[in-house]
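User: I'd like to go through this model and ask what stands behind each label. Could you take me through the reasoning step by step?

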Amino acid sequence: MEASLEVRLEQLVRRHAELGAALAGSGLSSAELAKLSKEYSELNPIVEGIDRLRRTRDEASSIANIAETTEDAELQQLAEEELRALHERLPGLEQQVKLALLPKDADDQRNAILEVRAGTGGEEAALFAAELFRMYQRYAALRGWRFEMLDLSETGLGGFKEASAVISGSDVFARLKFESGVHRVQRVPETEASGRIHTSAATVAVLPEAEEVDIRIDEKDLRIDVFRASGPGGQSVNTTDSAVRITHIPTGLVVIQQDEKSQHKNKARALKVLRSRLYDMERQARDSARAAERKSQVGSGDRSERIRTYNFPQGRVTDHRINLTLYKIDKVMSGEALDEITKALLTEDQAAKLAAVES
């Protein structure tokens, strides 16, 4: 491990000890206590990893000494075998420490707003959008997350023109942030008499949920229209003007909410979505600036980027960013195997960041 990194590790261990001593003392205000406790808890896993690495190194050094100095052939063989095992463990422990030192994505702990829209492909695209939305709903249930519908625009045949939801729980955005982009499907539609395979698409956007303190919206920048909610085919599903359309004039962003019967609730939900979209725009700008300095990253974050193909005749799902193919499309669509893709994307992203730090 590089000398500069060793110096950094020693600094972190010393800082952790200083914080422990400060927290064990008295005279701290509640604000100071909260601040120091947060820093201490964030350093805990890093220092534990450093401790494991150092103990393993010390053990390897001691056993190497035994292997070199003993005159007992049997003991020497045992020492050499144990030394080989320790040397095999060391690179993994070093990797864990390096990963722990990577800058954290401040949004990883946030809840997420999921938006799915039918793309090219007509009714088949809308049916696929509905299946994707349900895939994320099942995945959320498997992970113990809360899945709260925000808005739904259905077609007459069971497809979704667009649908959105708030997903709440532990590490939601960290797990789902790489799902944004164009998802393509290849299959024979039920309405296709000749049995030809069609290609259609749906767009997924995963936004970190923003709070009022993150994004302040000036009322004078908004145009708010109310109208009567409509269902599939345009039929009225509400007898009052409860649906809300909010236009953010500076950016041109438009959010429509009509799922609730209360105009007040629809307005609150629309503002929640607008706030998250504005926050995401800022995040995208920051990420693009950082990505320009990095040679490698998992996807561009561009909503128009084709990221994944679901080929039903062949039973495969391919993520084009990391060239990962799984021949278990049913389990992916049921949410069971989606973790395999999200974990692989996260691992690839970490590897890219490590490479950037080490280059």
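**Labels and the values behind them**

Analyst: Happy to. The protein chain has eight helices and 11 strands, and the model is a predicted one. Of the 359 residues in the protein chain, 40% are buried. Among contacts between residues at least 6 apart in sequence, 61% join residues at least 24 apart.

User: Let's begin with the helix pairs. What makes α2 and α3 roughly antiparallel or roughly parallel?

Analyst: The axes of α2 (residues 30–69) and α3 (residues 73–101) cross at roughly 160° and come within 8 Å. An angle over 145 degrees counts as roughly antiparallel, and therefore α2 is roughly antiparallel to α3. The contact of α2 with α3 is made by 17 nonpolar, five polar and seven charged residues. As for handedness, α2 passes α3 in a left-handed crossing.

User: And why is α1 called oblique to α2?

Analyst: Here the axes of α1 (residues 3–24) and α2 cross at roughly 130°, again coming within 8 Å. Roughly antiparallel would need an angle over 145 degrees, and roughly perpendicular covers 65 to 115. The angle fits neither class, so α1 is oblique to α2. Their contact divides into 13 nonpolar, four polar and six charged residues. The crossing of α1 and α2 is left-handed.

User: Which residues of α1 and α2 meet?

Analyst: On the α1 side they include L9, L12, V13, H16 and L19, and on the α2 side L36, Y40, L43, V47 and I50 are among them. Charged residues take part as well, including E6, E10 and R15 in α1 and E39, R54 and R57 in α2.

User: How do you know that the length of α4 agrees with its number of residues?

Analyst: Helix α4 (residues 122–142) has 21 residues, and at 1.5 Å a residue the expected span is 30 Å. The expected span uses one less than the number of residues. The end C-alpha atoms of α4 are 31 Å apart, and therefore the two values agree.

User: Which residues of α4 are buried?

Analyst: Among them are E124, A125, A126, F128, A129, A130, L132 and F133, and further along M135, Y136, Y139 and A140. After α4 comes G144, with a positive phi near 75°.

User: Is L176 buried or exposed, and how do you know?

Analyst: Buried means under 20% relative accessible area. L176 has 2% relative accessibility, so L176 counts as buried. L176 sits in helix α5 (residues 172–176). Setting aside neighbours within four places in sequence, L176 is in contact with Y136, Y139, W145, I167 and V206. Y136 and Y139 are themselves among the buried residues of α4. L176 and D339 are 163 residues apart in sequence, yet their C-alpha atoms are 9.7 Å apart in space.

User: What makes S164 count as buried or exposed?

Analyst: The relative accessibility of S164 is 8%, under the 20% cut-off, and therefore S164 counts as buried. S164 belongs to strand β3 (residues 160–168). Apart from residues up to four places away in sequence, S164 touches L114, E115, F133, M149, L150, D151 and Q257.

User: Why is Q263 called partly exposed?

Analyst: Partly exposed lies between the buried limit of 20% and the exposed limit of 50%. At a relative accessible area of 39%, Q263 falls in between and is therefore partly exposed. Q263 lies in helix α6 (residues 263–293), and beyond residues up to four places away in sequence Q263 touches V226, D241, S242 and V244. From Q263 to R228 the C-alpha distance is 10.0 Å, with their positions 35 residues apart in sequence.

User: What is special about phi at D171 and N323?

Analyst: Most residues other than glycine have a negative phi. D171 has a positive phi near 60°, and N323 has a positive phi near 55°. D171 lies in the loop between β3 and α5, while N323 is in the loop between β10 (316–319) and β11 (324–326).

User: How do D171 and N323 stand on exposure?

Analyst: N323 has 67% relative accessibility, over the 50% limit, so N323 counts as exposed. D171 has a relative accessible area of 30%, so D171 is partly exposed.

How values were computed: Residues are numbered from 1 along each chain as its sequence is written. This is a predicted model: local features need pLDDT of at least 70, side-chain atom pairs count only at pLDDT 80 or more; totals for chains, interfaces and linings use all residues. Side-chain values use heavy atoms; hydrogens and water are left out. Axes are lines fitted to C-alpha atoms, for helices over the stretch in contact, and angles run from 0 to 180 degrees between N-to-C directions. Helices (H or I, at least four residues) and strands (E, at least two) are DSSP runs, numbered from the N terminus. Angles under 35 degrees count as roughly parallel, over 145 as roughly antiparallel, 65 to 115 as roughly perpendicular and the rest as oblique. A crossing is left-handed if the near helix is turned anticlockwise from the far one by less than a right angle, and right-handed if clockwise. Buried means under 20% relative accessible area, exposed over 50%, partly exposed in between (1.4 Å probe, protein chains only). Contact means heavy atoms within 4.5 Å.
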